Amino acid sequence: MGLKHLTKVDVITEPGQDITNALLENLEYLDTLKGDVISSARQLVTACRASGQCHEDVSRIINNGYTTGHWTKEELQDVALLRDVITRWSSISLMVDRLLELYPALSRLLSQDKYQELRKYELSEVELQVLADIRHYLAFSMLFKKKSQCKKL
């Protein structure tokens with residue numbers, strides 16, 4: 001189950017009805033938001049995690065990036081992708097965070113011939129932007145949940 005219900009956007013025919021003009025001016029973003037980008041992210045994570053070789057190659061790409069100066073250890077850590085877990089409400093947020101963090105290395109991985117079959121899971125720039133925006137929403141929700149849990153103690 002994705003977060004499609006949170007990004008449900010009714011079809012708007014005239015600017016200013018239920019959504020800002022800025023969103024209407026970017027129809028590609030709006031179409032992506034109407035879709036289930038969380039599900040797309042989950043499919044990419046699942047496909048990459050299904051292969052130990054894929055994990056090793058992502059790690060190798062990250063470490064090569066340190067050597068070549070494409071990124072630093074502070075910019076891109078050598079960590080694994082995380083799956084979301086139905087029983088943990090925060091796991092979608094953690095999965096999206098890690099996916100966005102590792103996407104520069106994943107993009108290089110997907111460009112390799114041996115991972116051609118995974119290219120169908122590649123995310124567009126707009127999908128990455130929508131995921132980043134959803135991440136901000138989820139981060140706020142996580143902060144609110146943590147604060148409410150602290151008040152209960």
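A residue counts as buried when its relative accessible area is under 20%, as exposed when that area is over 50%, and as partly exposed in between (1.4 Å probe, protein chains only). Keep that in mind for this tour of a predicted model, in which local features need pLDDT of at least 70 and side-chain atom pairs count only at pLDDT 80 or more, while totals for chains, interfaces and linings use all residues. Residues are numbered from 1 along each chain as its sequence is written, and side-chain values use heavy atoms, with hydrogens and water left out.

**Stop 1: helix H4**

Select residues 52–68. This is helix H4, which has 17 residues. (Helices are DSSP runs of H or I with at least four residues, strands are runs of E with at least two, and both are numbered from the N terminus.) From the first C-alpha of H4 to its last you cover 24 Å, close to the 24 Å expected at 1.5 Å a residue. The expected span is 1.5 Å times one less than the number of residues.

Now look at the two ends. Which residue caps the N-terminal end of H4? Select Ser51: one of its side-chain oxygens lies 3.2 Å from the backbone nitrogen of Gln53. A polar contact is a pair of N or O atoms within 3.5 Å; within protein, one must be able to donate a hydrogen and the other to accept it, and residues adjacent in sequence count only if both atoms are side-chain atoms. Just after H4, click on Gly69, which takes a positive phi of about 85 degrees.

Next, color the buried residues of H4, which include Cys54, Asp57, Ile61 and Tyr66. The buried residues of this helix pack against helix H3 (37–49) and helix H5 (91–110), where contact means heavy atoms within 4.5 Å.

**Stop 2: two cysteines**

Show Cys48 and Cys54 as sticks. Are they buried or exposed? Cys48 is buried at 3% relative accessibility, and Cys54 is buried at 1%. A disulfide is a covalent bond between the sulfur atoms of two cysteines; here the rule is a pair of cysteine sulfur atoms within 2.5 Å. How many disulfides does a search of the whole structure find? The result is zero. For Cys48, the closest cysteine sulfur is the one in Cys54, 3.9 Å away, and that is too far for a bond.

**Stop 3: a small network of charges**

A salt bridge is a side-chain nitrogen of Lys or Arg within 4 Å of a carboxyl oxygen of Asp or Glu. By this rule the structure has six salt bridges.

Begin with Asp57 and Arg60, whose side chains meet in a salt bridge at 3.8 Å, N to O. Both residues lie in helix H4, three residues apart, about one turn of the helix. An α-helix has 3.6 residues a turn, so residues three or four places apart point the same way. Asp57 is buried, with a relative accessible area of 5%, whereas Arg60 is partly exposed at 37%.

Keep Asp57 selected and add Lys114. These two form another salt bridge, with the closest N and O atoms 3.0 Å apart. Asp57 is in helix H4 and Lys114 is in the loop between H5 and helix H6 (125–152), so this pair ties together parts that are 57 residues apart in sequence. Lys114 is partly exposed, with a relative accessible area of 48%.

Then move to Asp97 and Arg135, a salt bridge whose closest N and O atoms are 3.6 Å apart. Asp97 sits in helix H5 and Arg135 in helix H6, so to speak 38 residues apart, and the pair links distant parts of the chain. Salt bridges that share partners join Asp57, Arg60 and Lys114 into one network.

**Stop 4: the bend in H5**

Select residues 91–110 to bring up H5. H5 has 20 residues, but its end C-alpha atoms are only 24 Å apart, short of the 28 Å that a straight helix would reach at 1.5 Å a residue. Where does H5 bend? Zoom in on Tyr103: the bend there is about 60 degrees, and a proline, Pro104, follows within four residues. The bend at a residue is the angle between axes fitted to the seven residues ending there and the seven starting there. Of the 20 residues of H5, 14 are buried, so the helix is largely enclosed by the rest of the structure.

**Stop 5: the loop between H4 and H5**

Finish with two residues in this loop. Lys73 lies in the loop between H4 and H5 and is exposed, with a relative accessible area of 56%. Add Ile62: its C-alpha atom and that of Lys73 are separated by 8.8 Å, and the two residues are 11 apart along the chain. Val85 is also placed in the loop between H4 and H5, and Val85 is partly exposed at 37%.
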